[in-house]
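Hi everyone, thanks for coming along. Today I'd like to walk you through one protein, a piece at a time. Have a look at the sequence and the structure first, and then we'll begin.

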Amino acid sequence: MCARNLVIAALSERQQGVLQPKLVPVAAHQILARAGSPLDAVWLPETCVIAYEIPMTDGRTVATAFIGYHGFGAPPVLGSPFGDEGTFVCLIAGNAWRVSA
């Protein structure tokens, strides 16, 4: 499997076979995961950009991290200093590897 994502690309064929990542399209503003919710997938961007957003006290949100092809997004895997309030959302549409939890 030829992957741009550095995490997927570093896996052996055997490891990729175990994880069975699926390349799927991701739309801008699509919510991928919420901190505190059950983990159903880990997202590894290929051509999209994922943002980790947290709510501010005035109701607006702020993006505190941006994830591209060099990383992955999944709240329970990464943990959060902000508790159960963060959201992983697609900032720039593209493709991402989805690995079921």
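Let's start at the N terminus and read along the chain: the elements run α-α-β-β-β-β-β-α-β-β. That gives three helices and seven strands in the protein. Please keep in mind that what you see is a predicted model.

A few overall numbers will help. The protein has 101 residues, and 35% of them count as buried. Its exposed area is about 5,900 Å², with carbon and sulfur atoms supplying 58% of that. Now take the contacts between residues at least 6 apart in sequence: 74% of these join residues at least 24 apart.

Next, the strands. As a quick reminder, strands of a sheet pair through backbone hydrogen bonds, and they can do so in a parallel or an antiparallel way. Which order do the strands take in the sheet of four? The order is E2-E6-E4-E5, the sheet is open, and the pairing is antiparallel. At the edges stand E2, residues 31-34, and E5, residues 61-67; each has a single partner strand, so one side of each is left without a neighbour in the sheet. From one strand to the next, the twist averages 35°.

Let's zoom in on one pairing here. E2 and E6 run antiparallel and are joined by three bridges. If you find Ile-31, you can look across to Val-89 in E6, which stands opposite.

While we're at E6, let's compare two of its residues. The strand covers residues 87-92, and Ile-92 lies in it. Thr-87 has its place in E6 as well. Is Thr-87 buried or exposed? Its relative accessibility is 13%, and because buried means under 20%, Thr-87 counts as buried. Leaving aside neighbours within four places in sequence, Thr-87 is in contact with Ile-31, Ala-33, Arg-34, Ala-51, Tyr-52 and Glu-53. Ile-92, on the other hand, has a relative accessible area of 46%, so this residue is partly exposed. Ile-92 also joins Phe-66 and Leu-91 in making a nonpolar surface patch of about 290 Å².

Now for the other sheet. This one is open too, with three strands in the order E1-E7-E3 and antiparallel pairing. E1, residues 22-26, and E3 are the edge strands; each has a single partner strand, so one side of each has no neighbour in the sheet. Ignoring direction, neighbouring strands of this sheet are turned by 40° against each other on average.

How many bridges pair E1 with E7? There are five, in the antiparallel sense. One residue pair to look for is Lys-22 and its bridge partner in E7, Arg-98. E3 and E7 pair over five bridges, again in the antiparallel sense. On that side, Leu-44 stands opposite Trp-97 in E7.

Hold on to Arg-98, as we'll need it for the last topic: salt bridges. Side chains of opposite charge can pair when their charged atoms come close. How many salt bridges does the structure hold? The answer is two.

In one of them, Asp-40 pairs with Arg-98, and their closest N and O atoms are 3.5 Å apart. This pair links distant parts of the chain: Asp-40 sits in the loop between E2 and strand E3 (41-45), whereas Arg-98 is in strand E7, residues 94-100, and the two are 58 residues apart. Asp-40 has a relative accessibility of 46%, so it counts as partly exposed. Arg-98 counts as partly exposed too, at 24%.

The other salt bridge is between Arg-60 and Asp-58, with the closest N and O atoms 2.9 Å apart. Arg-60 counts as exposed, with 53% relative accessibility. Asp-58 has 47%, so it counts as partly exposed. Here is why the labels differ: exposed means over 50%, and partly exposed lies between that and the 20% limit for buried.

To wrap up, I'd suggest taking three things away. There is an open sheet of four strands, E2-E6-E4-E5. There is also an open sheet of three, E1-E7-E3. And Arg-98 turns up in two places, as the bridge partner of Lys-22 and in the salt bridge with Asp-40. Thanks for listening, and do ask if anything was unclear!

Terms used
Residues are numbered from 1 along each chain as its sequence is written. This is a predicted model: local features need pLDDT of at least 70, side-chain atom pairs count only at pLDDT 80 or more; totals for chains, interfaces and linings use all residues. Side-chain values use heavy atoms; hydrogens and water are left out. Patches are made of residues with over 30% relative accessible area and no salt bridge: like charges are joined within 9 Å, nonpolar side chains (Val, Leu, Ile, Met, Phe, Trp, Tyr) within 5 Å. Accessible areas come from the Shrake-Rupley method with a 1.4 Å probe; for residues, only the protein chains shown count as cover. A salt bridge is a side-chain nitrogen of Lys or Arg within 4 Å of a carboxyl oxygen of Asp or Glu. Buried means under 20% relative accessible area, exposed over 50%, partly exposed in between (1.4 Å probe, protein chains only). Two strands pair if DSSP finds at least two bridges between them. Axes are lines fitted to C-alpha atoms, for helices over the stretch in contact, and angles run from 0 to 180 degrees between N-to-C directions. Contact means heavy atoms within 4.5 Å.
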